[in-house]
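Me: Could you walk me through the strands and the charged surface patches of this protein? Short answers with the reasoning shown would be great.

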Amino acid sequence: MSTSAASRWEAPEPVEPPSLDRLRAVGDVLVERTGIRVAGWAALVIGVVALVAGLLLGWVELKVVGSVAILMVGIALLFTIGRPRFDVRLLLADRSVVVGTPSGGELSVRNVAASRHLGSRLDLPIALDVASFSIPMLGSGEHISQRFSVPTSKRGVVRIGPAESVAGDPFALTGRQTRWTGMAELFVHPATVALPGRQSGFVHDLEGHASPHLSAADMNFHALRPYAPGDDRRHVHWRSTARTGALMVRQFEESRMSRVVVSLDTGRLAWLDDDEFELGVSCAGSVAVQTLLGESPLAMLTSTETLPALTPARALDQLSSVGTAAGGGVVDLVYTTRRREPGASVAVFITGSVASMAEVRRSGALFDVDTRVVGIRVEEGSDLRVRTVGNVSVVQVGALTDLPRAMRRAME
């Protein structure tokens, strides 16, 4: 081979073997089009091979086995003839519940076909389980309702559905699935407690403080100025207008609300066990809900992400799916909080019992001196402790019921 020919030669691209997902997709298409499942295809192949081998070898036994296998698949296909026509409604009793509160829903099935439905099975995935309902014979227009319960013993987001009807033989050789509903979600919120509001001194400056910026409508009166197009006529000062002969309106100083940041340590190394972490999530949810009920701007963070929290329900929805991840540590949590929310005037951070009270206090001191800081150390079964040095308060709680008293003492 010449040098030029060798330089032009390129190695063929490697042939990528079919992935498992691709094989599953092909299998799903075959089942959908033919109605024969994997077990049915296996029985059919075995039957054909046995029948051919029996004919070639003259073995009666192989002929019988092959014929019976092929006949079974043929009979099983009769169960897949026709498709039901249903109107299926999936209704949940609640959109969200507190962890441990019983909840459930209802599955309503109506036969909208002109002919009688002879019966089938309907499967409804609930979390990691599948609830199967037997649909009896239904005449045209008849309906049946089936109730089901949803597990709520653990905080999280429970996905329910989609509901699918299954038509096939009793031996699962064949079958056709028809999807009737979408997927619904039930948010299982963490347990929370009511905390003292702003009138009790929870946060000193939640009423807002005046700033040098001027506003057309606020609480603190600043001065009078001539009317400009677009001004609210409710703010016209009629006495000054009568005296000067020109419309005069009130001008106000803009009030700014304290911005509160609540950050939760989601590092796996920060918590002793799952129960301790659940208590930390409940503490974060309690502070977030009270802040939003007090109509204060809130930022809710974890060690890795920012959680949208515009309403109490939305904040608890976000906390429903929070879990631990690798790493963690109270110092990293504080640095992350400072980087994401440098303008926060009140910072509340929650960590586990791996960090000592002294470590939590030193981490809280990393915030600016004009930031009111509350560090919550969670240790199940421990005594309530509150230590305040300067602008930093360190709180230790052993139960969720200790949190209101702890926050009241911390914000005095």
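Me: Which residues form the negative surface patch?

Reply: Happy to help, and keep in mind that this is a predicted model. One member of the patch, Asp275, lies in helix α6, residues 274-293. The full negative patch is Asp273, Asp274, Asp275 and Glu380.

Me: Which elements each supply at least two residues of the positive patch?

Reply: The positive patch is formed by Arg385, Arg387, Arg405 and Arg409. Arg387 has its place in strand β19. The elements you want are β19 (385-389) and α10 (403-410).

Me: Is Arg387 buried, exposed or partly exposed?

Reply: Buried means under 20% relative accessible area and exposed means over 50%, with partly exposed in between. Arg387 has a relative accessible area of 45%, so the class is partly exposed.

Me: How many residues of strand β17 are buried?

Reply: In a regular strand, side chains alternate between the two faces of the sheet. In β17, Val346, Val348 and Ile350 are buried on one side, and Ala347, Phe349 and Thr351 are buried on the other. The strand is therefore largely enclosed by the rest of the structure, and the count is six of the six.

Me: In β18, what is the bridge partner of Ile350?

Reply: Strand β17 runs parallel to β14 (residues 260-264), joined by five bridges, and there Ser263 has Phe349 as its partner. Six bridges join β17 to β18 (residues 372-378), also running parallel. Within that second pairing, the partner of Ile350 is Ile376.

Me: Which residue takes a positive phi in the hairpin of β4 and β5?

Reply: These strands run antiparallel and are joined by seven bridges, with Asp123 opposite Ser132. Two residues lie between the strands, and the one with a positive phi near 60° is Ala127.

Note on methods:
Residues numbered from 1 in each chain as written. Predicted model: local features only at pLDDT ≥ 70, side-chain atom pairs only at ≥ 80, totals over all residues. Heavy atoms only, no water. Patch = residues over 30% accessible without salt bridge, like charges linked within 9 Å, V, L, I, M, F, W, Y side chains within 5 Å. Areas by Shrake-Rupley, 256 points an atom, 1.4 Å probe, with all protein chains shown as cover. Salt bridge = Lys/Arg side-chain N within 4 Å of Asp/Glu carboxyl O. Lys, Arg positive; Asp, Glu negative; His and termini not counted. Charge placed at Lys NZ, Arg CZ, Asp CG, Glu CD. Helix = DSSP H or I, 4+ residues; strand = E, 2+ residues; numbered from the N terminus. Buried < 20%, exposed > 50% of the residue type's maximum accessible area, 1.4 Å probe, protein only. Pairing = 2+ DSSP bridges.
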